[in-house]
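Colleague: I would like a close look at one part of this model. Please start there, then carry on through the rest.

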Amino acid sequence: MTPDLFEQGTERLATHQARKVTEVTSGDRSAGYGRVHEPGSLDLTHGRILYLEDVHVSFDGFKAINGLSLDIAPGELRCIIGPNGAGKTTMMDIITGKTKPDSGQVFFGSTIDLLRHNEPEIAQLGIGRKFQKPTVFEHLSVFDNLELALKTHKGVAASMFFKLNGTQRDSLSEVLHTIHLEGSVTRQAGNLSHGQKQWLEIGMLLMQDPKLLLLDEPVAGMTDFETERTAELFLTLKGKHSLMVVEHDMSFINTISDIVTVLCDGSVLAQGTLAQVQADERVIEVYLGR
């Protein structure tokens with residue numbers, strides 16, 4: 001969930017209880033290779049929705065990200081694996097604006113330099129992130145959580161008189177069906193199971209119509225049944241959205257993945273199908289074991 005949504009949720013909860021123009025150049029790279037970016041649009045002409053090139057980040061001398069380069073295609077479901085300390089979380093922090101790299105390039109489509117934007121702006125551009133621990137408003141209903149996540153003005157006064165229009169209601173109903181919570185509309189979010197809270201937070205991201213979803217260990221702590229349903233959910237989202245999934249559950253990855261990227265020491269160690277990376281001696285040595 002984005003940082004500004006927490007602040008808006010606090011205002012909304014209190015009620016229940018009583019862009020700038022995008023920069024089109026960056027450094028020595030011309031945005032969109034000479035094309036002007038229209039605010040609110042995403043240039044996918046070159047077939048990549050996310051592009052990182054030679055990214056470096058150090059913390060007190062420790063190289064958390066060390067020459068990381070990767071790219072993701074529109075509609076792709078990319079799985080990211082690697083040992084603890086490989087740089088997976090730091091990579092997501094960079095993409096979402098939480099951490100600024102020391103050097104390198106990070107582009108959303110061909111024209112949007114993510115390094116020129118902060119966290120709320122990046123969320124508005126169409127990148128949603130879900131952390132491992134679900135962050136929903138537990139005192140609100142499932143419906144209210146999803147309504148809160150809509151891309152609307154969420155000041156206290158606006159919230160008091162807000163009513164869903166037909167399009168918004170249809171969108172909310174579709175998301176409820178997608179996340180398997182259509183039977184829990186009025187249920188308080190705090191009473192949901194761990195897996196259902198994870199689905200609800202994904203639903204809240206979907207209400208913001210993201211083009212790219214970053215999902216950090218989404219099935220950690222889930223039952224086998226919830227893990228299976230989550231795999232179904234991700235395969236449903238694939239193609240409609242681009243997904244980057246960081247996970248350690250190899251069975252889950254085997255179910256959903258086409259391409260797997262292995263990170264180690266802040267850079268890409270290997271990439272390919274799960275079978276290919278599992279057979280890679282370097283991956284076996286540093287991550288999978290023998």
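Colleague: How many bridges join strand β3 to β4, and in which sense do the two strands run?

Modeller: A word on the source before the answer. This is a predicted model. Now the strands. β3 covers residues 50–59, and 8 bridges join it to β4. The two run antiparallel.

Two pairs help you find the register. His56 stands opposite Asn66 in β4. Tyr51 stands opposite Asp71, also in β4. The two strands form a hairpin, with 2 residues between them. Look at Asp60 in that turn: its phi is positive, about 50°.

β3 has another partner as well. Strand β6, residues 103–108, pairs with β3 over 5 bridges. That pairing is antiparallel too. Come back to His56 here. Its bridge partner in β6 is Ser103. On the β4 side, His56 faces Asn66.

Now widen the view to the sheet. It is open and has 4 strands, in the order β4-β3-β6-β7. The pairing is antiparallel. Which strands stand at the edges? They are β4 (62–72) and β7 (112–113). Each edge strand has a single partner, so one side of each is left without a neighbour in the sheet.

Next, the aromatic contacts. A search of the whole structure finds 1 aromatic pair. It is formed by Phe234 and Phe252. Their geometry is edge-to-face, with 5.8 Å centre to centre and 70° between the planes. Phe234 belongs to helix α8, and Phe252 to helix α9, residues 250–256. The two are 18 residues apart, and the pair links distant parts of the chain. Are these rings buried or exposed? Phe234 has 0% relative accessibility, so it counts as buried. Phe252 has a relative accessible area of 2%, so it is buried as well.

Stay by α8 and turn to charge. The structure holds 9 salt bridges. One of them joins Lys238 and Asp258, at 2.3 Å from N to O. Lys238 lies in the loop between α8 and β10 (242–246). Asp258 lies in the loop between α9 and β11 (259–264). The pair therefore ties together parts that are 20 residues apart in sequence. Both ends are partly exposed: Lys238 at 30% relative accessibility, Asp258 at 42%.

Another salt bridge is formed by Lys130 and Glu201. Their closest N and O atoms are 3.8 Å apart. Lys130 is in strand β8, residues 127–130, and Glu201 is in helix α7, residues 194–206. That is a link between distant parts of the chain, 71 residues apart. Both Lys130 and Glu201 are buried.

Arg282 and Asp280 also meet in a salt bridge, at 2.9 Å from N to O. Why are the two ends classed apart? Buried means under 20% relative accessible area. Asp280 is at 18%, so it counts as buried. Arg282 is at 43%, so it counts as partly exposed.

Now the largest pocket. About 210 Å³ of space lies in it. Two elements give two or more residues to its lining: α6 (166–178) and α8 (224–237). The largest share, 4 residues, comes from α6. The lining includes Ser171, Glu174, Val175 and Thr178. Leu206, Met207 and Asp209 line it too. So do Thr236, Leu237, Lys240 and His241. What is the chemical mix of this lining? The residues divide into 4 nonpolar, 4 polar and 3 charged.

One last stop is Thr223. It lies in the loop between β9 (212–216) and α8. Thr223 is partly exposed, at 42% relative accessibility. Its C-alpha atom is separated by 9.9 Å from that of Ser193. Along the chain, Thr223 and Ser193 are 30 residues apart.

To return to your question: β3 and β4 run antiparallel, joined by 8 bridges.

Conventions: Residues are numbered from 1 along each chain as its sequence is written. This is a predicted model: local features need pLDDT of at least 70, side-chain atom pairs count only at pLDDT 80 or more; totals for chains, interfaces and linings use all residues. Side-chain values use heavy atoms; hydrogens and water are left out. On a 1 Å grid over the protein atoms alone, a cavity is a set of points where a 1.4 Å probe fits but cannot get out, and a pocket is an open set with protein on both sides within 12 Å along at least five of seven lines; lining residues have an atom within 4 Å of a point. Grid points are joined across faces, edges and corners, and a volume is the space filled by probe spheres set on the points. Ala, Val, Leu, Ile, Met, Phe, Trp, Tyr, Cys and Pro count as nonpolar, Asp, Glu, Lys and Arg as charged, and the others, Gly among them, as polar. Rings of Phe, Tyr and Trp (its six-membered ring) pair if their centres lie within 6.5 Å; planes under 30 degrees apart count as stacked, over 60 as edge-to-face and the rest as tilted. Buried means under 20% relative accessible area, exposed over 50%, partly exposed in between (1.4 Å probe, protein chains only). A salt bridge is a side-chain nitrogen of Lys or Arg within 4 Å of a carboxyl oxygen of Asp or Glu. Two strands pair if DSSP finds at least two bridges between them.
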